[in-house]
Amino acid sequence: MTTPSTTSSGSGGVTGAGGSGSPRSGLPGQRGSDAPKRGTGKSAPPSEHRPREITVGFLVGRLIALGLVAALLLFGLPPLIRTDNWIGVGVLVAAGAGIAYLYLTRRHVPLKYLLPGTVFLIVFQLVPVILTVSTAFTNFGDGHRGTKEEAITAIQTGSLEQVTGAASYNLSPALKDGKLVFLLLPVDDKGDPVLDQAKVGTADGLSELPGLTDANLSLTKQLSEVPGYDILSKPDASARGDEIANFAVPTEQGAIKSSGLSKAVELKAVRAYDAACDCVTDTKTGTVYPADEAKGYFVSADGTVLSGGQGWKVGVGWANFTRIFTDKTVSGNFFSVFVWNVVFALLSVLTTFALGLVCALALHSPRMRGTKIYRTILILPYAMPSFAMLLVWRDMFNKDFGLINNLFGWHIDWLGQPTTARLSLILVNLWLGFPYMFLVATGALQAIPKELTEASSIDGATAWQGFKRVTLPLLLVALTPLLISSFAYNFNNFNAIKLVTDGGPYAIDNATVGATDLLISYTYRLAFGGIAQLGFAAAVSVIIFTLVAVMSIIGFRRSRSLEEVYS
Amino acid sequence: MTWFKRTGWRHLVAVVVAIFSLFPIVFVISAAFNPLGTLASSKLWPTGASGENFSHLFSNTAFSHWFLNSLVIALASSFASVFLSFSAAYAFSRMRFRGRRVGLMALLLVQMFPQFLAIVAIFILFTDITENWRYIGFDTPAGLLLLYMGTALGVNTWLMKGFLDTVPKELDESATVDGASHVQVFFRILLPLVAPILAVTAMLAFIGTMSEVLMANIFLRDPESKTLAVGLYGLVAGERNTNFGMFAAGTLLTAVPTVGVFLYLQKYIVNGLTAGAVKG
């Protein structure tokens with residue numbers, strides 16, 4: 001399943017019950033019993049090894065492998081070669097060779113089946129996780145997004161000012177190979193264009209534009225026609241207004257930027273970087289800002305950070321992690337949020353499991369009539385789009401227009417008080433999640449051999465004793481992995497919180513944490529609300545991950561359900 | 001009294017829970033057909049009926065685009081993810097190799113990392129991809145599909161492995177002895193046997209993808225390339241009272257295909273897995 005996280009409370013399919021819950025095996029359908037019969041008709045002696053001739057499957061595999069490699073190289077290589085990314089080319093060619101080798105030999109059979117899914121797992125799941133962990137040790141975020149070079153460029157271009165006597169140009173924005181360029185025509189004191197000094201400005205710098213005559217000029221003394229360039233018409237230029245306003249042609253001391261759509265001026269950087277002292281000097285005030293490699297900022301001797309707060313990404317070691325436990329605004333709330341988080345996840349699992357199990361037990365009887373219609377109704381919540389139903393529930397709890405208050409004539413501010421908001425959330429999660437538990441419990445119930453329950457009733461046990469001593473333990477063995485993954489899922493059930501309460505209600509004096517916030521939604525707000533602190537957010541995700549992983553591993557250790565893995 | 005003890009309580013439980021299951025759905029249906037189309041005017045039982053909300057939905061929003069996008073993405077991703085996870089489950093269930101146990105544990109662990117919090121990293125990754133290969137970058141269904149495939153292995157692999165473990169090994173062993181290659185065993189013997197469960201898993205994956213809102217929200221920014229979840233959320237994110245009728249209509253239309261398939265497959269969902277096992 002691609003996104004178990006978006007279905008209600010269960011985190012997977014219903015297949016587990018049948019799988020781990022049915023030690024006795026047999027096969028549904030006809031074809032199973034046919035297969036071996038068809039085989040025994042042949043004359044292959046049982047003791048012989050697999051024949052080595054070329055089979056159809058082998059040929060097909062070979063074709064698929066070669067096709068895949070060809071497609072991969074054909075599709076992936078050109079952009080990498082174009083941008084001179086030779087490391088990328090190397091990785092891609094190695095990957096292609098690896099795939100070809102794997103599927104063209106007869107060895108490494110398990111890998112042939114594991115590889116396709118694993119490649120996706122590595123690229124789109126594992127790499128992001130590793131990136132997140134490595135981000136957790138940096139100050140990555142607003143103000144620290146790029147490299148030092150990018151920060152220097154941003155500082156210099158951000159401090160550009162027009163100085164007296166600087167060159168000004170008649171500007172014609174144009175396209176060359178689809179990219180924006182500036183055609184620049186200097187004007188002399190009288191306002192006449194100087195054709196032999198015309199220049200082309202690209203994002204890389206200035207170059208000469210020779211061989212122009214008056215024929216290239218328009219009435220307003222702009223360049224209107226230059227071979228090899230597609231000069232933008234007025235409406236086209238207006239449409240690209242933002243792009244033109246942001247375009248800068250770097251020069252030795254600054255940059256040439258547009259001033260309106262038909263003029264350009266040369267600007268000079270007030271703050272200049274000097275590699276010799278690894279510092280930025282403000283030419284107006286004379287202040288020197290040396291680079292602080294530990295913080296990723298340019299800081300002056302008196303401790304002022306270069307205005308604009310432009311810094312670069314640096315490693316900060318464990319700072320983000322220690323901040324979680326030492327920063328008062330963070331750690332003060334961390335514990336209470338954590339407790340509610342555990343309670344929420346536990347209650348979600350327990351209530352859904354209890355209700356699902358009761359329903360499954362109720363319908364699990366040969367005497368019971370109408371099971372089909374009941375079952376159909378009971379699984380409906382699971383088939384409804386969960387994101388939409390979360391929003392519907394939110395609106396049903398609405399104090400003024402909500403269905404629940406309307407129906408009963410109440411005026412309860414359900415989502416406005418901590419206790420009722422928490423109760424509402426548990427109820428919503430119960431509604432969304434119990435059908436899944438009902439399904440898996442039904443499956444697991446059917447897998448329990450009748451002889452066992454019959455034997456216990458013959459031995460004089462009541463129905464309740466039989467259930468407690470025989471049925472429930474067997475069910476739990478089968479369903480524990482699902483309960484644990486349901487717990488892990490609900491521990492991070494961002495959707496339920498975000499769509500129903502958005503973490504609220506909030507205390508009047510504390511807008512950073514709401515009564516129903518889970519760690520994940522709390523972190524989300526801390527990290528992305530206002531100034532993005534992505535490095536810090538990554539650190540908190542790593543902590544959350546560790547918590548869930550530890551709790552789940554303990555859960556699995558205690559259940560015997562991993563037996564098969566260890567065999 | 002004995003009747004109640006034997007079957008009466010069963011009906012009581014079923015009826016009470018059925019009412020609990022149904023009432024939000026009835027509310028959505030009634031709101032969808034409510035001619036006023038606001039949250040405040042929506043009642044549990046419809047006060048009138050009109051198709052106005054539906055026609056507004058199609059004329060005022062790009063609903064049909066959203067619907068088609070969702071359908072294509074969800075179908076493709078559920079098919080692909082079931083294939084990937086079943087292949088892996090086959091290897092884990094039938095073969096013994098070095099790293100098998102570690103691999104299974106690693107799958108569980110990686111799966112537990114809230115993918116949502118890796119969203120920053122994913123965003124950076126796809127910014128690079130978009131620069132180099134536009135066709136699988138942002139705003140493309142193909143890119144979203146690739147991202148979804150990242151979680152194809154995981155819980156599903158575990159569940160399918162568990163199911164495959166219950167299919168007797170003698171079956172494929174005898175076929176192997178008869179000269180079938182592992183590919184033939186995979187496609188000709190095991191696949192047909194587990195087809196019902198594959199259909200069920202595919203459908204659950206389908207439901208999951210249909211409801212996926214977070215990644216899709218970041219991925220598809222162009223209004224016409226949005227999915228249902230993203231589009232419908234946008235309807236009530238700001239104007240929650242006035243657009244409620246349209247939202248309910250959209251929810252209903254979203255649910256129709258899934259509920260249909262769900263009901264069609266329900267005998268497999270409950271019985272398909274275990275029927276064979278019980279007959280033993």
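Biologist: How much area do chain A and chain B bury between them?

Modeller: This is a predicted model, where local features need pLDDT of at least 70, side-chain atom pairs count only at pLDDT 80 or more, and totals for chains, interfaces and linings use all residues. Residues are numbered from 1 along each chain as written, chains are lettered from A and ligands numbered from 1 in the order written, and side-chain values use heavy atoms, leaving out hydrogens and water. Buried area is the accessible area (1.4 Å probe) lost on putting two parts together, summed over both. Carbon and sulfur atoms take 75% of it here, and the total for chain A and chain B is about 12,000 Å².

Biologist: Which helix of chain A gives the most to the side that touches chain B?

Modeller: Helices here are DSSP runs of H or I with at least four residues, strands are E runs of at least two, and both are numbered from the N terminus. The one you want spans residues 109-135 and gives 19 residues, so to speak the top giver: helix H5 of chain A.

Biologist: OK, on to the sheet. Which strands of chain A are its edge strands?

Modeller: The sheet is open, with four antiparallel strands in the order E10-E11-E12-E13 (chain A). Strands pair if DSSP finds at least two bridges between them; E11(A) and E12(A) are joined by three. The edge strands each pair on one side only, and they are E10 and E13 of chain A.

Biologist: And what is the bridge partner of Thr281(A)?

Modeller: Look along strand E12 of chain A, residues 288-292, which runs antiparallel to E11(A). There, Thr281(A) has as its partner Val288(A).
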